[in-house]
Amino acid sequence: MDLREILSEDIIDLDLKGTTKDEILHELSQHLFDAGYITDIDQFVKDIYVREAAGITGAGNHIAIPHGKSSAVKKITIAVGRSEHYVEWESYDEQPVNLFFLFCVSDDEGFAQNHMRLLAELAGKIGKDSLVEALQGAQTPAEVIEILTA
Amino acid sequence: MKIVGVTACTAGIAHTYIVAQKIQDAAEAAGHECKIETQGTIGADNILTDEEIAAADVVIIAHDIAVDQARFKDKKVVDIPISTAMKNPKSLIATIEKKLGK
């Protein structure tokens with residue numbers, strides 16, 4: 001399977017408008033809803049906050065990796081967002097963030113193991129400093145996919 | 001040095017894999033061999049063999065949930081929360097180098 005199967009240009013937004021964590025989560029969730037990945041924005045965001053309550057999802061390097069398992073998820077994927085402005089977010093290095101990876105995971109454990117594996121592979125890439133630097137400079141959603149699948 | 005390790009985070013979706021990559025990159029940048037096993041929601045990947053564990057100078061276990069450490073009972077184990085490796089993988093490796101004198 002290919003990483004391109006879980007990435008899609010219509011859920012990559014390099015010009016997020018939100019200025020708070022909650023606004024960013026809703027904005028990205030709206031994209032997921034519009035593209036048919038989730039069935040219920042409120043339920044999905046609620047489930048993300050369940051994971052947020054368990055520990056920090058600011059990964060340092062101005063990146064946040066909110067994620068939640070939710071019954072509202074139809075299809076496993078990852079939404080990518082970037083903002084021109086920094087947003088306050090609980091983070092390991094106590095820096096605000098502007099690059100967001102919203103993991104969209106079904107709560108059905110047995111469902112789509114292959115896709116979960118791709119998600120894990122993508123998560124590993126987010127740990128690579130050089131790749132994150134490239135993403136900070138990406139101009140188009142297509143370029144983001146290019147960088148993440150290189 | 002030969003470094004092996006295990007990562008395991010709360011949800012087993014994101015941190016486990018990000019931290020594994022960060023430790024790997026920091027170790028290799030400092031000239032060490034490194035292999036990290038990830039224990040996530042999809043199970044264990046990149047599983048450490050008995051030979052690899054036996055040959056390792058140190059075992060890094062970065063975790064927020066329980067990890068079975070029976071395999072490492074005769075090894076030097078660095079037992080840390082995920083956050084330590086996430087925050088500063090370079091200084092984690094540097095600290096280990098200092099402690100082991102390598």
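In this predicted model, the backbone oxygen of B:Ile65 lies 2.7 Å from a polar atom in the side chain of B:His63. Let's start with that histidine and then work outwards to the place where the two chains meet.

## A histidine in chain B

B:His63 sits in strand 4 of chain B, which covers residues 58–63. Is B:His63 buried or exposed? Its relative accessibility is 17%, and because buried means under 20%, B:His63 counts as buried. Leaving aside residues up to four places away in sequence, B:His63 touches B:Ala8, B:Gln69, B:Asp79, B:Ile80, B:Pro81 and B:Ile82.

## Where the chains meet

How many residues does each chain bring to the contact? Chain A brings 24 residues and chain B brings 17 residues. The size of an interface is often given as the accessible area lost when the parts come together. Here, the area buried between chain A and chain B is about 1,800 Å², and carbon and sulfur atoms give 63% of that area. On the chain A side, A:Tyr92, A:Arg117 and A:Gly127 supply 29% of the area that chain A buries against chain B, more than any other three residues.

There are 2 salt bridges between chain A and chain B. One of them joins the side chains of A:Arg117 and B:Asp45, at 2.6 Å from N to O. The two chains also have 5 residue pairs in polar contact, counting pairs with both residues at pLDDT 80 or more.

Which elements give two or more residues to the side of chain A that touches chain B? They are helix 2 (41–54), strand 4 (67–70), strand 6 (97–106) and helix 3 (113–126) of chain A. Helix 3 of chain A gives the most, with 8 residues. Sorted by class, this side of chain A has 12 nonpolar, 6 polar and 6 charged residues.

## Two helices of chain A

Helix 3 of chain A deserves a longer look. It has 14 residues, which at 1.5 Å a residue should span 20 Å, and its end C-alpha atoms are indeed 20 Å apart. Helix 3 of chain A is mostly covered, with 10 of its 14 residues buried. Among them are A:His115, A:Met116, A:Leu118 and A:Leu119. The cover comes from both chains: it includes strand 3 (63–64), strand 5 (77–87), strand 6, helix 4 (129–137) and helix 5 (141–149) of chain A, together with helix 1 (15–29) of chain B.

Helix 1 of chain A, residues 21–34, also has 14 residues and reaches 20 Å from its first C-alpha to its last, close to the 20 Å expected. Its buried residues are A:Lys21, A:Ile24, A:Leu25, A:Glu27, A:Leu28, A:Ser29 and A:Leu32. An α-helix has 3.6 residues a turn, so residues three or four places apart point the same way. The buried residues of helix 1 of chain A pack against strand 1 (12–13), helix 2, strand 5 and strand 6 of chain A.

## Positive phi angles

Most residues other than glycine have a negative phi. The table lists some positive values in chain A.

| Residue | Phi |
|---|---|
| A:Gly36 | about 85 degrees |
| A:His62 | near 65 degrees |
| A:Glu94 | about 60 degrees |

A:Gly36 comes just after helix 1 of chain A. A:His62 lies in the loop between strand 2 (58–60) and strand 3 of chain A, and with a relative accessible area of 21% A:His62 is partly exposed. A:Glu94 lies in the loop between strand 5 and strand 6 of chain A, and at 71% relative accessibility A:Glu94 counts as exposed.

Terms used: Residues are numbered from 1 along each chain as its sequence is written. Chains are lettered from A and ligands numbered from 1 in the order in which they are written. This is a predicted model: local features need pLDDT of at least 70, side-chain atom pairs count only at pLDDT 80 or more; totals for chains, interfaces and linings use all residues. Side-chain values use heavy atoms; hydrogens and water are left out. Contact means heavy atoms within 4.5 Å. Buried area is the accessible area (1.4 Å probe) that two parts lose on being put together, summed over both. A salt bridge is a side-chain nitrogen of Lys or Arg within 4 Å of a carboxyl oxygen of Asp or Glu. A polar contact is a pair of N or O atoms within 3.5 Å; within protein, one must be able to donate a hydrogen and the other to accept it, and residues adjacent in sequence count only if both atoms are side-chain atoms. Helices (H or I, at least four residues) and strands (E, at least two) are DSSP runs, numbered from the N terminus. Ala, Val, Leu, Ile, Met, Phe, Trp, Tyr, Cys and Pro count as nonpolar, Asp, Glu, Lys and Arg as charged, and the others, Gly among them, as polar. The expected span of a helix is 1.5 Å times one less than its number of residues. Buried means under 20% relative accessible area, exposed over 50%, partly exposed in between (1.4 Å probe, protein chains only).
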